[in-house]
Number of protein chains: 2
Amino acid sequence: MIQNWKEKYAKIMKDFEGYSIGKIFKYLGNPEIISLAGGLPSPDMFLKSEMRKASHKLLENDLENIFQYSPVPGEDDFIAAILKFLQRDGIKLEPENILITSSGQHGLDLTGRLFLDPEDYIMIDRPTFAGAIVAFQMQHPQIIGVDMEADGSNVDGYRAKLAKLPVKPKFIYVVPDFQNPSGITTSLEKREALLDLSYEMDIPLVEDSPYRDLRYRGEAIPSLFSLDQQREGTNVIGLYTFSKIFSPGIRVGFNIGPPDVITKMGNIKGGNTLNTPKYNQDMCRIFLTEMNYDSHMEKCRKYYSKKLDTFLEAMSEYFPPETGVSWTKPEGGLFLWVSLPKKIDTLKLFQKAIEYKVAFVPGEVFYGENPENNHLRINFSYVSAEQLVEAVKRLSKCVKEDLREQ
Amino acid sequence: MIQNWKEKYAKIMKDFEGYSIGKIFKYLGNPEIISLAGGLPSPDMFLKSEMRKASHKLLENDLENIFQYSPVPGEDDFIAAILKFLQRDGIKLEPENILITSSGQHGLDLTGRLFLDPEDYIMIDRPTFAGAIVAFQMQHPQIIGVDMEADGSNVDGYRAKLAKLPVKPKFIYVVPDFQNPSGITTSLEKREALLDLSYEMDIPLVEDSPYRDLRYRGEAIPSLFSLDQQREGTNVIGLYTFSKIFSPGIRVGFNIGPPDVITKMGNIKGGNTLNTPKYNQDMCRIFLTEMNYDSHMEKCRKYYSKKLDTFLEAMSEYFPPETGVSWTKPEGGLFLWVSLPKKIDTLKLFQKAIEYKVAFVPGEVFYGENPENNHLRINFSYVSAEQLVEAVKRLSKCVKEDLREQ
């Protein structure tokens, strides 16, 4: 019998189409295409010899434990290393405040599953990280977006939209440092204002921090989590990943929060995947404790900062003011956001760009609702400096042609 | 502000307490306790030197790809190796029929998320795999159980309960080979009857096969998936894992099914964890293609079979018929099921057993509803033959004392 599977799907999954960014990667098989589409850290920054050494040592000395089951919440020694790591950033926690996840994406999904029933409200920035939107969408919430400002989340905008909601949102999700996709950093003032709002209206904050240590200029701003701790609050859940500072392929991250939330997320993780593989956790522990974190990060900052400068210079050269094109100037992270004249639809532009052998992510995937269509996301960390300049050149030709045709 | 997080949890997660087996492991810290509680393959069967060699080669030759992002559905060459692996078992598939998962648990959760809305019905054997119950419970279904028989799933029992349901269940979940926890294998006749029922009533089957290649005696019986293919049907989803035959810590498995189901599960995986780490997939690929699978499995079968025999002999010696204790005699797998006189509650017995320095899993966690309390699950694969005998001796003392006290 040929089963009609589709009619058996859960109602909340029937229309779910997954990660829309993933779908554009099929166009990028041609090696002549310079892709600024991915969110990939540069393999130039992989600690290759240290990784090989660490891996070799792990398998020599501890193979039987590494390849056996291990605890769902994570390895004790890894959690201890993370506690120290967070202390440096002004966050004081105990082991019961930490759950090891199998990446930032996993941390987002555990958050969505713990809090969201269908039709619950959540609030996000416009634009915001597409992976968060995808994770939350699986729980079918009502997503309310608030346009970002140049200095971060628009707290007054949140306040105005909150006043019109029939019920309180379950949480507000933000990426305060070098946000993906905009590259925008939320100011200290706005972080404090977000916390004020959170306390006043009794709304938890979910703070996603994948790029926090990748600051190339300016002073570090305390995280929402640490500001909340300073005020003796427990209103923030923090999401972290090793993807951007160590390796995306290792698939390890961690969530921090109150013990009850962490226990509950651990229960969900147990039913979802059981433990994160110990080998992958051990490699990240060694990264934190034995691979000279500070000098590695310093090297990363110099390397990425130079690429960012190259990209920004090329943009100034190829997109003079009369083109009506503007872009953000991030102080860190891996992404920036280009805004084109309103008549350009970047999803259509993407097809043309492929002909010009350059790729980006059309901005519409970064909206939970009512997408704007004239933006695009640029990743400047992966391709070489020469390719960055060539990519901007191709992009400018392509934009000019698109404008001429209209 | 101190957030009252609990009131923010999703309704379907509020009462979810996760993996109940995990909770008993905290009693097992004392190394004098002989634990028959886990589901652990023996590290004696780990291919240590082959694993070291494979890992070394991977990191020497392909580090940059291994530690970068990789495709959500899985690595092409790994999927190709799995296709060949399945062909040996009479299953003919294309790449689009396979999704790499981060373990059997992950495969179960993706299945639950794709099909189950709250209050949907599913049907399972009584007893059945606790991890499946936990995964499905996260979607809050109505679980209908049917008592197993000595030769497997009770198809007439399913038919009788189906007749009384207000709506059709979304699927029937079974573990036909050396079921966890019972050790029971479903006969060919009953597999055909399950398929008949599936076709007749239009109910998909979910077949979980973690132990299929661990057969110690008797002839292999075709899987439901292959029987369905022989009948040109598409009514079965198959779940596989590398945990029991290669390594649980590697956290890799795969789901097989119709392309649309696999695509949809891949979409969910994308929002859940993105890709399974490439290193872990590559290790499993090398296991299938370069580690002499047949001779490894032959070695595993001999090793586990001997342990099973030792355990069964000890049970005959220490639990003569007058004790009213019975147990299954599996033809493979890692588990068997001990049934005690009805007046014994194995959850209470567990506490006493800890005093006697022996541990098992109380049977009640293997029921989706109306648990029976007088059974226990034994894992015979992990501890040594000497410890197995000693464990049975301790268990018999403990049971006798419990009976005396009543």
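## Exercises on a two-chain model

The contact draws 73 residues from chain B and 72 residues from chain A, two residues being in contact if their C-beta atoms, placed from the backbone, lie within 7 Å. This is a predicted model, in which local features need pLDDT of at least 70, side-chain atom pairs count only at pLDDT 80 or more, and totals for chains, interfaces and linings use all residues. Residues are numbered from 1 along each chain as its sequence is written, and chains are lettered from A and ligands numbered from 1 in the order in which they are written.

**Exercise 1.** Find which elements of chain B give two or more residues to the side that touches chain A.

*Solution.* Start with the helices, which are DSSP runs of H or I with at least four residues, numbered from the N terminus. Those to mark in chain B include helix 2 (48-66), helix 4 (104-115) and helix 9 (259-272). Helix 5 (130-137) and helix 10 (278-290) of chain B also belong on the list.

**Exercise 2.** Work out what relation links chain B to chain A.

*Solution.* First, superpose the copies by least squares on the C-alpha atoms of residues with pLDDT of at least 70 in both. A rotation of 180 degrees with 0.0 Å of shift along its axis brings chain B onto chain A (RMSD 0.0 Å). That is the relation of a two-fold axis. Next, look along chain B for the C-alpha nearest the axis: B:His56 provides it, 3.4 Å away. Finally, compare the surfaces: 99% of the contact residues of chain B recur in chain A, so the same surface serves both copies.
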